[in-house]
Amino acid sequence: MKIVLMVAEKPSLAQSIAKILSRGNMSSRKGLNGACSVHEFTGPFIGQTVHFKMTSVCGHVMTLDFIGKYNNWDKVDPAELFSKAPTEKKEANPKLNMVKFLQVEGRGCDYIVLWLDCDKEGENICFEVYRIIIFF
């Protein structure tokens with residue numbers, strides 16, 4: 001049976017969507033990070049019966065920051081931030097282990113459905129989730 005991983009922007013939304021799509025016939029468990037639950041049920045998808053896993057993130061998964069001396073805004077010329085300041089991408093809230101959580105839940109999935117806000121922030125989170133599941 002194919003597996004569809006669905007990811008919403010926050011836990012309460014994931015629970016509501018899963019409850020509606022499963023018609024209340026779902027099982028729920030805490031994810032490895034303790035902050036996000038995974039709601040599971042079987043249902044139709046693209047003409048076949050699949051196993052759904054509905055979960056969420058808790059806002060942004062990754063953050064982009066300046067490194068070294070460029071991260072101290074009192075000691076750097078702002079113009080340098082545009083020309084030569086290196087950046088690094090890291091987990092937004094390392095205590096949530098969101099990257100590991102998404103990797104574990106995404107393992108073996110055949111489809112990903114992203115239920116994130118239709119704005120620039122939501123689009124950014126979509127790409128964060130997609131990259132973590134597909135490329136890490």
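At 36% relative accessibility, K90 counts as partly exposed, and in this predicted model that residue offers a convenient place to begin. The partner of K90 is E88, with which it forms a salt bridge whose closest N and O atoms are 3.9 Å apart. E88 is likewise partly exposed, with a relative accessible area of 36%. Side chains of opposite charge can pair when their charged atoms come close.

A search of the whole structure finds four salt bridges, and several residues are drawn together by such pairs: R29, E40, K53 and E105 are linked in a network of salt bridges. Within this network, the side chains of E40 and R29 meet at 2.9 Å, N to O, and the pair links distant parts of the chain, with E40 in strand 3 and R29 in strand 2, 11 residues apart. R29 also forms a salt bridge with E105, the closest N and O atoms again being given as 2.9 Å apart, and here the link runs from strand 2 to E105 in helix 3, 76 residues apart. The surroundings of these residues can be described as well: E40 is buried, with a relative accessible area of 18%, and E105 is buried with a value of 4%, whereas R29, at 33%, counts as partly exposed.

From the charged network we can turn to the strands that carry some of its members. Strand 2 and strand 3 pair in the antiparallel sense over four bridges, and K30 stands opposite S37 in strand 3. The hairpin of these two strands has six residues between them, and G34 takes a positive phi near 80° there. Strand 3 then pairs with strand 4, also in the antiparallel sense, over seven bridges, with F52 in strand 4 as the bridge partner of F41.

The hairpin of strand 3 and strand 4 has two residues between the strands, and within that hairpin I46 takes a positive phi near 50°. Most residues other than glycine have a negative phi. I46 has its positive value although it is not a glycine, and I46 is exposed, with a relative accessible area of 61%. N97 is another residue that has a positive phi of about 50° without being a glycine; its place is in the loop between strand 6 (87–91) and helix 3 (98–106), and it is partly exposed, with a relative accessible area of 37%.

The loop that holds N97 also takes part in contacts with another loop. N33, which has its place between strand 2 (27–30) and strand 3, is in contact with L96, N97, M98 and F101 when its neighbours within four places in sequence are left aside. The side chain of N33 reaches the backbone oxygen of L96 at 3.2 Å, and N33 itself is buried, with a relative accessible area of 13%.

Where does strand 1 find its partners? Strand 1 and strand 4 pair in the parallel sense over six bridges, and strand 1 and strand 7 (residues 111–115) pair in the parallel sense over five bridges. L5 illustrates both pairings, since its bridge partner in strand 4 is K53, while in strand 7 L5 stands opposite I112. Five of the six residues of strand 1 (residues 3–8) are buried, so this strand is largely enclosed by the rest of the structure.

Two further buried residues help to show what lies around these strands. S56 is found in strand 4 and is buried, with a relative accessible area of 0%; not counting residues up to four places away in sequence, S56 touches a set of residues that includes V7, A8, C36, M98 and F101. I133, which lies in helix 4 (residues 120–135), counts as buried at 13% relative accessibility. Leaving aside its neighbours within four places in sequence, I133 is in contact with L5, L102, G106 and I112, and thus with both members of the L5 and I112 pair.

The walk ends at the surface. A nonpolar surface patch of about 310 Å² is made by I20, L21 and W115. I20 lies in helix 1 (residues 11–21) and is exposed, with a relative accessible area of 66%.

How values were computed: Residues are numbered from 1 along each chain as its sequence is written. This is a predicted model: local features need pLDDT of at least 70, side-chain atom pairs count only at pLDDT 80 or more; totals for chains, interfaces and linings use all residues. Side-chain values use heavy atoms; hydrogens and water are left out. Patches are made of residues with over 30% relative accessible area and no salt bridge: like charges are joined within 9 Å, nonpolar side chains (Val, Leu, Ile, Met, Phe, Trp, Tyr) within 5 Å. Accessible areas come from the Shrake-Rupley method with a 1.4 Å probe; for residues, only the protein chains shown count as cover. Buried means under 20% relative accessible area, exposed over 50%, partly exposed in between (1.4 Å probe, protein chains only). A polar contact is a pair of N or O atoms within 3.5 Å; within protein, one must be able to donate a hydrogen and the other to accept it, and residues adjacent in sequence count only if both atoms are side-chain atoms. Contact means heavy atoms within 4.5 Å. Two strands pair if DSSP finds at least two bridges between them.
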